[in-house]
Amino acid sequence: MLSKIKKISTNLWFDTQAEEAVNYYTSIFKNSKIERITRFGKERHDPNSMEEGAVMTIQFSLEGLDFVALNGGPHFKFTEAISFIVHCDSQEEIDYYWEKLSKDGDKNAQACGWLKDQFGVSWQIVPTILPQLLNDSNLEKSERVMKAVLQTKNKININNLIEAYEGNPSSN
């Protein structure tokens, strides 16, 4: 029986690392699962790129969002133009996702809560309180919070944001 396909899902184009990436992501996000793996067969592969039987696509979900990972070859690379935002309720959660997703990633791509993982995918690890602090009716408070975010060298520290909001910014 075929499962119902959602109207919109995200496709991630990898060179040959789709299976490795999916296993990595599903090990990080607790509410995740691999739905279906499709392999290259005689009729659906370029013999110069992927071997018959190699993974072509993997359908998977992370926190209720549907994805497809494709082994499409080296033609396209990820950029920061698209990123995935992970909303975190605590510093402990920020620290967890930052540590897991930044492992073996591009250290030069870390700033203001953004990171690039080992596959080149961009992520934003953001405290859920940030929009509230940035949209405060007191413009001075929200500007101090934005300044604190922009001065952040890597992961966001919730206490630094609250201190900036309250007018007591600490050094990052």
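This passage describes salt bridges in a predicted model. Side chains of opposite charge can pair when their charged atoms come close. In the present model, five salt bridges are counted, and three of these pairings, among them Glu-80 with Lys-116, are described below.

Glu-80 is paired with Lys-116, with a separation of 2.8 Å between the closest N and O atoms. This salt bridge connects distant parts of the chain, as its partners lie 36 residues apart. Glu-80 is located in the loop between strand E4 (65-71) and strand E5 (83-88), whereas Lys-116 belongs to strand E6 (residues 114-116). The accessibility of the two partners was also computed: Glu-80 is partly exposed, at a relative accessible area of 39%, while Lys-116, at 14%, is buried because its value falls under 20%.

A second salt bridge is formed by Asp-95 and Lys-155, whose closest N and O atoms are likewise 2.8 Å apart. Asp-95 is part of helix H2 (residues 91-102) and Lys-155 is found in the loop between helix H4 (139-150) and helix H5 (158-166), so the pair ties together parts separated by 60 residues in sequence. Asp-95 is partly exposed, with a relative accessibility of 29%, and Lys-155 is partly exposed at 30%.

Within helix H4, Arg-144 and Glu-140 lie four residues apart, a spacing of about one helical turn. The side chains of Arg-144 and Glu-140 form a salt bridge with an N to O distance of 3.1 Å. Arg-144 is partly exposed at 23% relative accessibility, whereas Glu-140, at 55%, is exposed because its value is over 50%.

Key:
Residues numbered from 1 in each chain as written. Predicted model: local features only at pLDDT ≥ 70, side-chain atom pairs only at ≥ 80, totals over all residues. Heavy atoms only, no water. Salt bridge = Lys/Arg side-chain N within 4 Å of Asp/Glu carboxyl O. Helix = DSSP H or I, 4+ residues; strand = E, 2+ residues; numbered from the N terminus. Buried < 20%, exposed > 50% of the residue type's maximum accessible area, 1.4 Å probe, protein only.
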